[in-house]
Amino acid sequence: MSNLERKVAYITGGSKGIGFSVAKTLLGAGMRVAISGRDIATVKAAAAQLGDSDQVLALQSNVVNLGDEELAVKEILDKWGQLDVVLANAGVGHFAPVDELTEDQWGSMINTNLTGVFHTLKASVEVLKVSKGYYMTLASLAGTNFFANGAGYNATKFGVVGFTQAVMLDLRKYDIKVSTIMPGSVATHFNNNEPSEKDAWKIQPEDIGELVLDLLKMHPRTLPSKIEVRPTRPDKK
């Protein structure tokens with residue numbers, strides 16, 4: 001997908017953090033981008049920061065609901081007539097010892113982080129077959145490294161990694177490329193963090209944007225299907 005001019009991307013959870021930075025990077029490469037989130041006012045505000053309405057589309061969608069994602073894809077097609085790149089980025093995290101983790105917290109993570117990733121693909125896969133496009137998931141190093149207080153989050157991210165790798169094998173025959181990106185600590189608002197100078201040692205959201213762009217520019221014959229990315233110097237935290 002070396003020529004990205006006028007290609008169309010859809011990013012869930014695109015109003016801030018990693019999703020917002022990926023959107024900004026792709027727009028800078030000449031693409032058109034739709035971003036979605038649960039609160040349309042927040043998404044519209046983010047879209048206004050990114051660019052004009054010819055290049056950016058704000059969508060309300062809760063990935064927990066397949067119907068929301070199907071409607072989002074329909075709106076993208078109604079506006080631009082194509083969809084080339086999908087990044088399933090929406091996610092939530094609740095961290096507690098397993099004996100204190102509530103059923104609601106467990107369900108929230110499973111429904112958003114894991115089922116939501118499936119819904120995003122289910123809503124877009126037929127369109128990606130037409131465009132011979134690219135489907136990406138935003139997983140985490142928590143999808144391969146378990147830690148205390150992470151039982152629910154680990155379960156979802158291990159699931160996303162396994163899901164995405166199996167999807168890669170299912171869809172490669174349609175010339176759809178599939179990758180999962182697994183970052184370590186990123187300077188975002190995730191888990192109620194307020195990014196500041198204290199996060200300078202972390203991966204920055206724009207770094208993930210550059211990584212996504214690099215994947216899209218990769219020669220079609222080559223597929224980095226699982227990418228781990230981590231801070232270079234975590235000892236500086």
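User: Why is Gly133 called buried?

Analyst: Gly133 has a relative accessible area of 1%. Buried means under 20%, exposed over 50%, and partly exposed in between, with a 1.4 Å probe and protein chains only. Gly133 therefore counts as buried. The model is predicted: local features need pLDDT of at least 70, side-chain atom pairs count only at pLDDT 80 or more, and totals for chains, interfaces and linings use all residues. Residues are numbered from 1 along each chain as its sequence is written, and side-chain values use heavy atoms, leaving out hydrogens and water.

User: Where does Gly133 lie?

Analyst: Gly133 sits in the loop between helix 4 (103-131) and strand 5 (134-138). Helices (H or I, at least four residues) and strands (E, at least two) are DSSP runs, numbered from the N terminus. The C-alpha atoms of Gly133 and Val178 are 8.8 Å apart, with their positions 45 residues apart along the chain.

User: What makes Asp207 partly exposed?

Analyst: Its relative accessibility is 41%. That value falls between the two cut-offs, so Asp207 counts as partly exposed. Asp207 is found in helix 6 (residues 205-217).

User: How do you know that the radius of gyration agrees with a compact globule?

Analyst: The radius is taken over C-alpha atoms, and the globule rule is 2.2 Å times the number of residues to the power 0.38. For 237 residues that gives near 18 Å; the chain has 17 Å, so the two agree. Buried residues make up 50% of the 237 residues.

User: How many helices and strands does the chain have?

Analyst: The chain has 6 helices and 7 strands. Their order is β-α-β-α-β-α-β-α-β-α-β-α-β.
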